Amino acid sequence: MTRTGTVFERMGIRPVINASGIYTDLGGSRLSPGVWGAMTEVNDQFVKLADLLDGSGRLIAGRLGAEAAWVTPGAAASIALMVSAAMTGGDGAAGQRLPDTAGLKNEIVLQRNHRYKYDRQITMTGAKLVIAGGAGGTTEAEVEAAIGPNTAALFLPAHLDRSAGTVGLARLVAVGRSHGIPVLVDAAYLCWPLELMPSHIAAGADLVCFSAKYFGGPNAGGFIAGSRRMIDWVSVNGFLRYESGPYRTFGRPLKMDRQTIVGVVVALEEWLALDHSERWARYRRQVAELADLIGGIPGISSEPKYFTMDERLVPEPVNSLVVTVPSVGRRTAQSVAAALEAGSPSISCSAEGSTLIVCMDVLRDEEIPIIGAALRALLEPNE
Ligand SMILES: *Cc1c(COP(=O)(O)O)cnc(C)c1O
């Protein structure tokens, strides 16, 4: 059997220059040589995964000042594992019946303005979402009113904390405590500024999860941090001991390999030690270079902006060049984005209204001139 060309070529697919940012559908982030090296190192060595999950959890917990932590295959998986832990406690027999929740506290309270796409991972466990409040928002009294004898947890997507018409984390924790109900937090991308990472636990959240894709880790990695007791419950429902233990655990499909677990740990270590001012300075430099490369094209203007993780454009800190592409004939920002994607090499960026958003989050320096040339070819008037 012969093997020629790159693995992508053999499959008949094309690589993409990622000027969109960190998206699961584009493969998450780029692993650093240090992360990749650590994954290669453990490829040569077997280890008991129970030891590896205990050890990695201990290391992460230490870094975050949490009692305990547990590596998972991402934040979405973490949500399902946090919710299943809240419903079943450490009861493996109850865990193996999920998503049948008969006899369990199975209600998760979520505020109306906190509904978001990953609340699907709450209900996939068999839990029932109880939405507190109405279209006008949610008051503390409405959170109280949503709590009943079957409430297993209160849930907060942390990026929506303090959004209009919501009860903030500190008050939610106070309400949870007064009823003896845990508060679960999805802080998937709240890994920068670094002070955010331990902040939810410090504020009293019982469990909080992060996605490794946002801190330079594997696309299929993440972790949960929080109380020792609840992390133990998470581990009971995880993928370990399905074959060797007494229970057919709920989390068996959420399995991990040792390489990914180590990748999550080393990516976090690097992220916490990284010179983030240098990282932002690099984006700014790349943005300036691209602005230069496409300067002077009639009718085209560009502006440095911050394209946030929740896809808003704000002034600072700069990570993107927003290129305004007025519609001319059949040319729109959308048609230019489509042409970039269809081009060779394929370039992926966002198109919003009459703008293209070229995001530097995972771009290499040498990719900037390629994007500049492609944009110039598409935007320059051809006489
Ligand atoms: C990406 C994301 C998730 C899912 O994380 P994965 O690690 O990809 O499973 C959950 N919540 C938010 C807010 C996210 O941005």
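1. A starting point is Thr-101, which is found in the loop between α5 (92-95) and β3 (107-111). The model is a predicted one, and in it Thr-101 counts as buried because its relative accessibility is 10%, where buried means under 20%. The side chain of Thr-101 makes a polar contact with the side chain of Asn-106, at 2.9 Å. If its neighbours within four places in sequence are left aside, Thr-101 is in contact with Met-87, Asn-106, Thr-125, Gly-126 and Ala-127, so that Asn-106 appears both as a contact and as the polar partner, a conclusion that rests on the contact cut-off of 4.5 Å.

2. Leu-98 lies in the loop between α5 and β3, and with a relative accessibility of 9% this residue counts as buried. Beyond its neighbours within four places in sequence, Leu-98 is in contact with Ser-84, Met-87, Thr-88, Leu-104, Thr-125 and Phe-250. The C-alpha atoms of Leu-98 and Gly-251 are separated by 9.7 Å, although these residues stand 153 residues apart along the chain. The peptide bond from Leu-98 to Pro-99 is cis, with omega near 10°, and Pro-99 lies in the loop between α5 and β3.

3. A cis peptide bond also joins Ser-344 and Pro-345, where omega is about 0°. Pro-345 is found in the loop between α13 and β12 (346-348).

4. Turning to the sheets, one open sheet is formed by 7 strands in the order β2-β8-β7-β6-β5-β3-β4, with mixed pairing. Its edge strands are β2 (68-72) and β4 (128-132), each of which pairs on one side only, and the twist averages 25° from one strand to the next. For a student it may help to recall that strands of a sheet pair through backbone hydrogen bonds, either parallel or antiparallel.

5. Within this sheet, strand β7 (residues 207-211) and strand β8 (residues 222-226) run antiparallel and are joined by 5 bridges, and Phe-210 stands opposite Phe-223 in β8. Helix α4 (residues 75-88) packs on the sheet and touches β2, β3, β5 (151-157), β6 (183-186), β7 and β8, while its direction makes about 165° with that of β7. Helix α10 (residues 228-236) packs on the sheet as well, touching β2, β6, β7 and β8, and its direction makes about 25° with that of β2. By contrast with the antiparallel pairing of β7 and β8, β6 and β7 pair in the parallel sense over 3 bridges, and the bridge partner of Val-185 in β7 is Val-208.

6. Why can β7 be described as largely enclosed by the rest of the structure? The reason is that 5 of the 5 residues of β7 are buried. Both faces of the strand are covered, since Leu-207, Cys-209 and Ser-211 on one side, and Val-208 and Phe-210 on the other, are all buried.

7. A second open sheet has 5 strands in the order β10-β9-β11-β14-β13, and its pairing is antiparallel. The edge strands here are β10 (313-314) and β13 (350-352), each pairing on one side only. Strand β9 (residues 301-307) pairs with β10 in the antiparallel sense over 2 bridges, and Phe-307 stands opposite Leu-313 in β10. Helix α13 (residues 333-342) packs on this sheet, where it touches β13 and β14 (355-359), and its direction makes about 40° with that of β14.

8. Helix α12 (residues 276-293) and helix α14 (residues 368-379) pack at an angle of about 30°, with their axes 9 Å apart. That angle makes α12 roughly parallel to α14, because angles under 35 degrees count as roughly parallel. The crossing in which α12 passes α14 is right-handed. Gln-286, Glu-289, Leu-290 and Leu-293 in α12 meet Ile-368, Pro-369, Ile-371, Gly-372, Leu-375 and Arg-376 in α14.

9. Two arginines deserve a look at their backbone. Arg-162 has a positive phi of about 65° although it is not a glycine; this residue lies in the loop between β5 and α8 (169-179) and, at 70% relative accessibility, counts as exposed. Arg-241 has a positive phi of about 65° and is not a glycine either; Arg-241 is found in the loop between α10 and α11 (258-273) and, at 49% relative accessibility, counts as partly exposed.

10. Finally, Asn-382 is found in the segment after α14 and is exposed, with a relative accessible area of 73%. The C-alpha atoms of Asn-382 and Gly-12, which are 370 residues apart along the chain, are separated by 32 Å.

Technical notes:
Residues numbered from 1 in each chain as written. Predicted model: local features only at pLDDT ≥ 70, side-chain atom pairs only at ≥ 80, totals over all residues. Heavy atoms only, no water. Helix = DSSP H or I, 4+ residues; strand = E, 2+ residues; numbered from the N terminus. Buried < 20%, exposed > 50% of the residue type's maximum accessible area, 1.4 Å probe, protein only. Polar contact = N/O pair within 3.5 Å; in protein donor to acceptor, adjacent residues only side chain to side chain. Pairing = 2+ DSSP bridges. Axes fitted to C-alpha atoms, helices over the stretch in contact; angles between N-to-C directions. Parallel < 35°, antiparallel > 145°, perpendicular 65-115°, else oblique. Left-handed = near helix turned anticlockwise from the far one by under 90°.
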